[in-house]
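This report describes a single protein chain, moving from its overall make-up to individual side chains. The sequence and structure are shown first.

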Amino acid sequence: MQEGITRPLSAPERSVSAGLLYGLRVLVIAQAVGLIVAASFAGQAVQGGADLAETHVMVGMVVHLIALLQTVAAVLFWRPGRGAGWPAAASAGLLLIGMGQHFTWNLLGTHVPSGLTLFGLTVALLVWVWSPRAAVRGR
């Protein structure tokens with residue numbers, strides 16, 4: 001490098017709030033566990049357990065509550081926390097798709113694929129929140 005010529009320094013990466021990231025991690029894990037439990041009750045209900053269908057609905061309502069809390073946490077992580085914004089959009093998508101599940105309970109051709117979409121978004125969020133990149137502020 002020639003003398004007198006300097007390279008621009010990149011801005012140092014700063015971390016997001018550990019509390020916001022921790023809260024988001026807890027909620028994403030709760031979402032994943034809730035979806036697994038709901039899916040297991042759904043499978044058993046399809047095989048003839050009528051009372052398990054009600055349990056599936058109740059677990060689904062808990063999953064929706066978790067999705068609402070997760071959306072709030074993801075927005076806080078994004079805006080004031082300056083973290084990535086896509087988890088907020090994905091969490092809102094989880095909430096909306098999950099709400100749609102209540103209207104398509106009797107249409108398995110719609111209900112099952114949207115349930116798989118819920119799993120896909122949740123796995124993507126789960127992988128991301130535990131990656132080192134999640135702790136770095138967005139630019």
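## Contacts and overall make-up

In the protein chain, 72% of the contacts with a separation of 6 or more are between residues 24 or more positions apart, where contact means heavy atoms within 4.5 Å. The model is predicted, so local features need pLDDT of at least 70 and side-chain atom pairs count only at pLDDT 80 or more, while totals for chains, interfaces and linings use all residues. Residues are numbered from 1 along each chain as its sequence is written, and side-chain values use heavy atoms, with hydrogens and water left out.

The protein chain has four helices and zero strands, and its elements run α-α-α-α from the N terminus. Helices (H or I, at least four residues) and strands (E, at least two) are DSSP runs, numbered from the N terminus. Of the 139 residues, 34% count as buried. Buried means under 20% relative accessible area, exposed means over 50%, and partly exposed lies in between (1.4 Å probe, protein chains only).

## The nonpolar core and helix α3

A nonpolar core is a set of buried Ala, Val, Leu, Ile, Met, Phe, Trp, Tyr and Cys residues joined through side-chain atoms within 4.5 Å. The largest such core contains 21 residues, and those with the most contacts inside it are L21, L24, V28, F77, L125, W128 and V129. Two or more residues of this core come from each of α1, α2, α3 and α4.

Helix α3 consists of 18 residues and spans 26 Å from its first C-alpha to its last, close to the 26 Å expected at 1.5 Å a residue. The expected span of a helix is 1.5 Å times one less than its number of residues. The buried residues of α3 are P87, A88, A90, S91, G93, L94, L95, G98 and Q101, and they pack against α1, α2 and α4.

L121, in helix α4, touches A90, G93, L94 and I97, residues up to four places away in sequence not being counted. L121 counts as partly exposed because its relative accessibility is 25%. The C-alpha atoms of L121 and A32 are 9.7 Å apart, although 89 residues separate them along the chain.

## Aromatic pairs

A pair of aromatic rings is described by the distance of the centres and the angle of the planes. Rings of Phe, Tyr and Trp (its six-membered ring) pair if their centres lie within 6.5 Å; planes under 30 degrees apart count as stacked, over 60 as edge-to-face and the rest as tilted. By this rule there are two aromatic pairs, set out below.

| Pair | Centre to centre | Angle between planes | Type |
|---|---|---|---|
| F77 and W128 | 5.8 Å | 85 degrees | edge-to-face |
| W86 and W128 | 5.6 Å | 70 degrees | edge-to-face |

The pair of F77 and W128 links distant parts of the chain, with F77 in helix α2 and W128 in helix α4 (residues 108-129), 51 residues apart. The pair of W86 and W128 also links distant parts, with W86 in helix α3 and W128 in helix α4, 42 residues apart. Together, ring pairs link F77, W86 and W128 into a cluster.

F77 and W128 are both buried; W128 is classed as buried because its relative accessible area is 12%. W86 counts as partly exposed because its relative accessibility is 39%. Leaving aside residues up to four places away in sequence, F77 touches V16, L20, L21, L24, R82, G83, A84, W128 and A134.

## Three arginines

A charge sits over a ring if NZ of Lys or CZ of Arg is within 6 Å of the ring centre and within 35 degrees of the ring normal. The charged end of R25 sits over the ring of W130, 4.4 Å from its centre. The charged end of R79 sits over the ring of W78, 5.0 Å from its centre.

R25 lies in helix α1 (residues 18-46) and is buried because its relative accessible area is 18%. Apart from neighbours within four places in sequence, R25 is in contact with V129, W130 and S131. A polar atom of the R25 side chain lies 2.7 Å from the backbone oxygen of V129.

R82 lies in the loop between α2 (50-78) and α3 (86-103). R82 counts as exposed because its relative accessibility is 52%. Although R82 is not a glycine, it has a positive phi of about 60 degrees.

Conventions
A polar contact is a pair of N or O atoms within 3.5 Å; within protein, one must be able to donate a hydrogen and the other to accept it, and residues adjacent in sequence count only if both atoms are side-chain atoms.
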